[in-house]
Amino acid sequence: MKKTDAIDILCKDIPVDAPILCTTGMISREVFTANDRPNNFYMIGSMGYASSIGIGIALNKPGLPVFVFDGDGSALMSLGNFPLIGYLQLENFYHIIFDNEVYGSTGGQKTISSDINLADIAKSSGYRFTYKFSDPQELAENFRNVIKNKGPVCVLIKVEPGNLKGIARVSYTPEEIHKRFKSVLK
Amino acid sequence: MKSIDFCALLKKHGLTFFSGVPCSIFRNILIDIENDADFTYIPAVREDGALGIAAGGSLSGKRSGILIQNSGLGNVINGLTSLNLIYKIPVFMIISWRGYQGKDAPEHIIMGAEMTNFLETMNIPYKVFEEDNFERVISELSVTMDSLKTPVAAILKDGLIE
């Protein structure tokens, strides 16, 4: 499954008013390219912070489903947040991990996620539901129901490595990203 | 100052959403915050997590802070320099001062001496609590935080909070 196809599938079913915290690097650029909305918070630095920012928002906006788009690298970097998310039992927290088993933004170096199962780690950390998808058809057919579940939910999506040639950087400045995001977060 | 009065000051300035990692210097503040339904305190697993949680709070419209020991300042530098400072996401940091005047265990000596230098290098406004300036420090840093949309740091030495 291509990461960009997975992103397309998800963005069709994620509610229009749901905030999406996009981790730094290619994932932010891919979501920006595929489905730019003010509700997307594009991180351009601070790798590993997406899930903790998501925790802060989920706690203060209990009526909104909060989506965190992590990669395997950023998830591994912030593994300590998994048990915290489980401990808090955040019912509106949806943790998506696009796992291509590489650091896509720095030259495609392998991460260790080929050998460990991040969904299992989420399960042992107390996430209410965990899922693993590697087939785009299955993802397309099931994602809508997956996110109907009470969170915290972890969805691990195995995707191919490789980046879109010439993919644009996020064109907004950090301050613009902040302003847009905050203005739509009700 | 009694920690319960310190907490009242925080409340007075609308600072009620916190995350952090404990330090014995502010252990009573943590107890009082956790016992007060007007506060939310999230025990982070590391200081960068606390900063991220506070950033989420800030993005959600809540004036947010972190409570960390200065040993944890090193763990938030990347978040400060590549998230808070460039996105202009404010955070009220209460940082305890281990290693103050070089009098402490070895692991605290370097950060005790350099903490304020690190903050100055990042252009982060800070003030140090003394016995007679609690209200003024919180009030002035609050105003700075709101107007500049910047992280600010209120430094807490040992022995000032009962």
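**View 1. The largest nonpolar core and its best-connected members.** In this predicted model, the largest nonpolar core holds 87 residues, and Leu10(A), Phe41(A), Ile53(A), Phe67(A), Phe69(A) and Ile157(A) touch the most other members. Helix α3 (residues 47–59) of chain B hands over the largest share, six residues. A core here is a set of buried Ala, Val, Leu, Ile, Met, Phe, Trp, Tyr and Cys residues joined through side-chain atoms within 4.5 Å, with buried meaning under 20% relative accessible area (1.4 Å probe, protein chains only). Helices are DSSP runs of H or I, at least four residues, and strands are runs of E, at least two, numbered from the N terminus.

**View 2. A separate core.** This second one has 28 residues, including Leu10(B), Phe39(B) and Leu160(B).

**View 3. Around Ile53(A).** Leaving out residues up to four places away in sequence, Ile53(A) touches Leu21(A), Phe41(A) and Met43(A), plus Gly52(B), Ile53(B), Ala55(B), Gly56(B), Leu59(B) and Leu83(B). Contact means heavy atoms within 4.5 Å.

**View 4. Where chain B meets chain A.** Here 29 residues of chain B contact 29 residues of chain A. The two chains bury about 2200 Å² between them, 67% of it on carbon and sulfur atoms; that is accessible area (1.4 Å probe) lost on being put together, summed over both. On the chain B side, Leu59(B), Ser60(B) and Tyr87(B) lose the most area, together 33% of what that side buries.

**Notes.** Residues are numbered from 1 along each chain as its sequence is written, and chains are lettered from A in the order written. Local features need pLDDT of at least 70, side-chain atom pairs count only at pLDDT 80 or more, totals for chains, interfaces and linings use all residues, and side-chain values use heavy atoms, without hydrogens and water.

Technical notes. Buried < 20%, exposed > 50% of the residue type's maximum accessible area, 1.4 Å probe, protein only.
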